[in-house]
Amino acid sequence: MIRLLICLFLLITFSASAQNTIGLPEVINYTKQEYKGGLQNWGFAQDGSGMIYIANNEGVISFDGNNFKLYPLPNKTIARSIYIFKDKIYVGGQGEIGYFEPNAQGVLTYHSLLDLIPARNRGFGDVWDIVHLNNEVFFRSTKYIFQLSSNKCHVFETSNEWVFMEVCRDKLYIQENSRGLLLLNSGKIEPILVDGKLSFIGNTITAILPLDTHSILITTLKDGLYKLKEDKIVRFGSAHSQEFINNRIYNAIAIDNTSFALASSQNGVFIINDKGYVIQSFSKNEGLQTKNVLSIFKDAQSNLWLGLDNGVDLVCYNSSIKKLIPQQQDGSGYAALIHHHILYAGTSEGLFYVPLDSSADYSLTYGKFTRVPRADGQIWRLDKVFEQVLVGAHEGAFTIDGKTIVQISNDNGFWNFYPYQAYHNEKMVIAGGYDGVRVFSYTNGRFVQRDDLQGFNESSRFLAQEKNNTIWISHPYNGVFKVSTDHRGKHISKLYDHTKGLPSKLNNHVYSIKGEMLVATDKGIYHYNSKSDRFEPSSYYFKIFGAQSIRYLKEDQDGNIWFVHHKSLGIVDFSYSTPKIIYFPELTGKLLSGFEFVYPIDRQNILVGAERGYFNINYAKYKSNISSLSTHIRNVIITQQSDSLIFGGYFENINGDQKQNRIEQIKTGWKRIYFQFSSALFGYKDNIQYSYRLKGFDDVWSQYSENTAKEYTNLSPGTYTFEVKAKNNTEVESDIAAYAFVILPPWYLTIGVKIVYLLLFIIGNYMFFIVLIKKFKNQRQKFEAEQKKLQYIHELEKSKAQSEIVLLRNAKLESEIQHKNTELAGNAMHLVQKAQLITKIKSDITQVIKESESAQINQSLKRMIRNLSEDDRIDDEWKSFTMHFDKVHNDFFKSLKEKHPTVTNSEIKLSAYLRMNLSTKEIAQLLNISVRGVEIGRYRLRKKLQLPTEANLYDYLIKIGN
């Protein structure tokens with residue numbers, strides 16, 4: 001009996017240790033080639049921006065979700081411990097303690113604290129633990145514990161060895177080999193006595209964690225778990241206690257108030273509850289790179305970071321998507337069904353089942369899948385019809401009840417099963433097969449195969465049924481078929497392809513969604529119009545999907561529609577004010593392409609077929625599990641002759657608000673500026689997309705993409721601000737991260753040089769102005785001189801013209817005078833000739849009188865002589881002559897008489913004839929005197945006019961009247 005109990009206990013222990021949840025979160029492996037560091041990883045820390053820091057054999061490694069960066073310690077020593085307190089990253093290494101903090105460029109820079117340690121205590125070896133208590137930082141090596149406070153260092157020495165140090169509930173616990181568990185109290189390290197005795201002597205402690213209100217959990221390296229309560233220590237355990245002893249617990253953390261993670265050296269990580277039972281475990285079978293876990297850390301998203309003996313693993317522990325892999329097989333997941341609280345899973349390697357427990361999220365069910373006997377090979381479909389489970393397989397059709405499977409058809413290839421009401425009062429089932437549709441009847445709990453659906457022999461993997469028993473079948477390469485019955489009950493099939501409204505006869509898949517038969521095509525969702533007997537785009541679904549390719553549709557119990565677009569799974573969630581599409585990037589490329597399968601059980605359990613096993617989506621948790629996003633600019637690099645880091649990712653301190661407080665000024669001449677950015681949302685990298693812009697260059701935001709870097713080349717001098725934001729797959733956006741910078745102009749465009757340019761410009765303008773003024777004056781003087789010259793020439797020309805005019809006028813006047821003089825002379829000659837003629841006539845008449853004897857005739861002739869001798873007429877003619885002469889010669893007679901009143905009329909006549917420039921002979925004829933008499937008269941006139949001998953009488957007479 002005792003032996004039986006021992007065996008039973010060992011069996012229970014073995015079963016308990018081997019059992020795990022059927023669903024496990026994704027494990028992401030990072031090799032040393034990826035993080036570019038050493039093999040072993042000794043500790044983790046996380047700052048306020050989400051950045052992860054790892055204590056590695058080659059220094060400190062930072063990880064922002066996209067990029068790793070190594071920060072070596074002095075002498076490239078191993079970083080054994082790391083801890084963030086306030087604005088510093090404290091690091092302990094081999095013979096080295098110090099901290100990293102950002103410099104002015106935001107680059108992490110190491111500062112050693114060795115100078116604070118007394119010289120005699122500096123040979124301390126490795127620093128394994130760093131903690132803080134009451135604004136003081138403690139460093140533990142095996143020889144010394146250093147207490148750092150206000151830039152002063154106090155040293156706690158031991159004659160033995162310090163083996164552990166941790167803060168729990170504001171108390172600093174320390175373990176020393178010789179004195180066991182100790183407590184720092186008022187600056188002194190004192191032992192914790194249990195029943196008056198020292199505790200944990202020689203039993204290495206690896207973690208101290210709060211357990212409940214009054215208890216703490218203590219893990220040891222080789223002796224399992226303990227609970228310390230009110231100075232009482234008891235073993236904390238369950239059926240798994242021996243497993244913790246056997247596997248060496250290196251480290252432990254609290255996941256929440258009721259669960260803990262234990263890192264072991266031989267079997268990965270154990271997740272235990274507050275009763276000490278293992279509720280989950282992770283080792284190489286669950287995806288770890290190695291089973292030797294040196295350190296463990298829970299980040300702000302409740303992910304578990306594992307520092308391995310060779311590499312780093314990230315367990316997305318809080319993920320709402322879990323993997324279900326029956327018996328760790330490599331088979332693909334094609335079908336799943338829950339019946340009588342048993343989950344059946346059909347894969348490419350057979351049919352498996354697992355009983356479900358009370359967990360709301362079925363992936364948290366404890367147990368393992370078991371293969372259904374005689375259900376090997378390819379399983380295509382599991383359907384529940386008439387409360388019976390039907391199995392469609394490559395080797396036939398089956399029913400299953402618990403572990404028992406019964407074949408109902410040995411025909412090869414069954415794709416699906418649907419109830420069929422074409423026959424009155426009979427329960428019928430239609431089954432899509434490799435080469436047509438088969439019909440089964442259901443009677444007395446048994447399925448009996450009947451005749452095939454006549455007239456149709458196409459492969460019927462995609463089948464939908466309308467209420468009037470019309471069957472729609474799609475073939476990916478041949479189009480869509482409508483199978484209906486005529487009035488005689490005969491089945492008639494009709495083909496619908498691109499000639500009937502579909503965009504193509506290829507890649508059409510029929511589904512029944514919300515009571516409507518739809519066809520998913522490469523150009524969106526189409527529905528059937530019975531009036532026109534054609535397919536046409538569905539306006540309702542085109543508003544949701546557009547014309548994108550859709551390969552799969554499935555409606556869940558809430559009316560949401562799960563779909564596959566290319567290789568991405570998404571859901572149309574109708575719980576929002578307007579239908580909202582949410583994609584699951586975590587599963588992109590992991591679905592079973594061409595054989596997509598989604599089994600919506602409830603909001604916490606959506607099974608999705610995968611290339612290896614299944615994924616279970618806790619959709620309710622997925623929507624509530626979306627963390628707020630934050631985006632950070634991690635690096636800014638410029639390239640000239642070589643790359644130069646101008647910003648290292650930290651504006652102030654590692655935990656403060658990352659707001660820029662100094663604008664970087666960049667000299668001209670660089671070729672490109674390069675920005676790196678990220679959102680530290682670990683495990684959700686594929687869910688994040690980024691949009692950016694460079695204000696001052698392009699104010700338009702870029703399209704969202706997965707790019708985490710952007711570069712610009714040859715920007716002009718000016719002020720710029722690079723801005724970036726992120727969004728996740730549910731369209732939640734982060735705040736904007738910004739980095740402002742100034743590109744300085746070249747030296748010849750700097751402000752100082754511009755001032756010089758301005759001064760030179762002003763001076764140049766002034767000199768130019770002076771030159772212009774001088775030039776203007778010269779030009780003005782020249783112009784004035786030229787104007788004077790021109791005026792002078794004009795005056796000359798005017799004077800010349802006037803002179804010419806005067807000359808012409810004088811010539812004209814002279815001509816006129818000459819003409820008048822000629823006329824006057826002619827008149828005078830006429831008078832002379834007339835007088836001569838009269839004289840001759842008188843002489844001739846006198847002669848006639850002398851010779852005539854007639855007194856009467858003589859009397860008449862004498863009368864004629866008297867008439868001819870009348871002087872009045874002569875005087876009248878002279879008066880007329882003088883009048884015309886004065887007009888021609890400006891009142892010559894009047895002027896001569898006024899100037900020389902003594903001149904006689906005969907002298908006046910002589911003067912007139914002289915002025916007319918008549919010859920002496922002509923004057924003699926006019927005056928009826930001799931030439932000698934004219935000369936005497938001229939002589940007398942000169943004397944009368946009182947002219948000197950040298951004066952010219954004509955010239956003098958010309959001047960009179962002018």
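Reader: How many residues of each class, nonpolar, polar and charged, are in the lining of the largest pocket?
Author: In this predicted model, local features need pLDDT of at least 70 and side-chain atom pairs pLDDT 80 or more, while totals for chains, interfaces and linings use all residues. Residues are numbered from 1 along each chain as its sequence is written, and side-chain values use heavy atoms, without hydrogens or water. A pocket is an open set of points on a 1 Å grid over the protein atoms alone, with protein on both sides within 12 Å along at least five of seven lines, and lining residues have an atom within 4 Å of a point. With Ala, Val, Leu, Ile, Met, Phe, Trp, Tyr, Cys and Pro counted as nonpolar, Asp, Glu, Lys and Arg as charged and the others, Gly among them, as polar, the lining of the largest pocket has 29 nonpolar, 8 polar and 8 charged residues.

Reader: Which strand gives the most to the lining of the largest pocket?
Author: The largest pocket, with about 1,300 Å³ of space (the space filled by probe spheres set on the grid points, which are joined across faces, edges and corners), is lined by 45 residues, and Trp128, Asp129, Glu166, Thr206 and Asn251 lie nearest its centre. Strands (DSSP runs of E, at least two residues, numbered from the N terminus) that each supply at least two lining residues include β4 (41-46), β12 (127-133) and β30 (293-298). The most, 7 residues, comes from β16.

Reader: Which element gives the largest share of the lining of the second largest pocket?
Author: The second largest pocket, with a volume of about 1,100 Å³, has 43 lining residues, of which Arg381, Tyr418, Arg461, Tyr511 and Tyr552 lie nearest its centre. Two or more lining residues come from each of several elements, among them β34 (333-339), β43 (414-420), β51 and β59 (598-602). By class, the lining of the second largest pocket has 25 nonpolar, 10 polar and 8 charged residues. The largest share, 6 residues, is given by β39.

Reader: Is Lys514 buried, partly exposed or exposed?
Author: Lys514 sits in the loop between β51 (509-513) and β52 (516-521), and, although not a glycine, has a positive phi of about 55°. Because buried means under 20% relative accessible area and exposed over 50% (1.4 Å probe, protein chains only), Lys514, at 39%, is partly exposed.

Reader: What is the phi of His566?
Author: Most residues other than glycine have a negative phi. His566, found in the loop between β56 (561-565) and β57 (568-573), is partly exposed at 47% relative accessibility. Its phi is positive, in a residue other than glycine, and lies near 55°.

Note on methods. Helix = DSSP H or I, 4+ residues; strand = E, 2+ residues; numbered from the N terminus. 1 Å grid on protein atoms, 1.4 Å probe; cavity = no way out; pocket = protein on both sides within 12 Å on 5 of 7 lines; lining within 4 Å.
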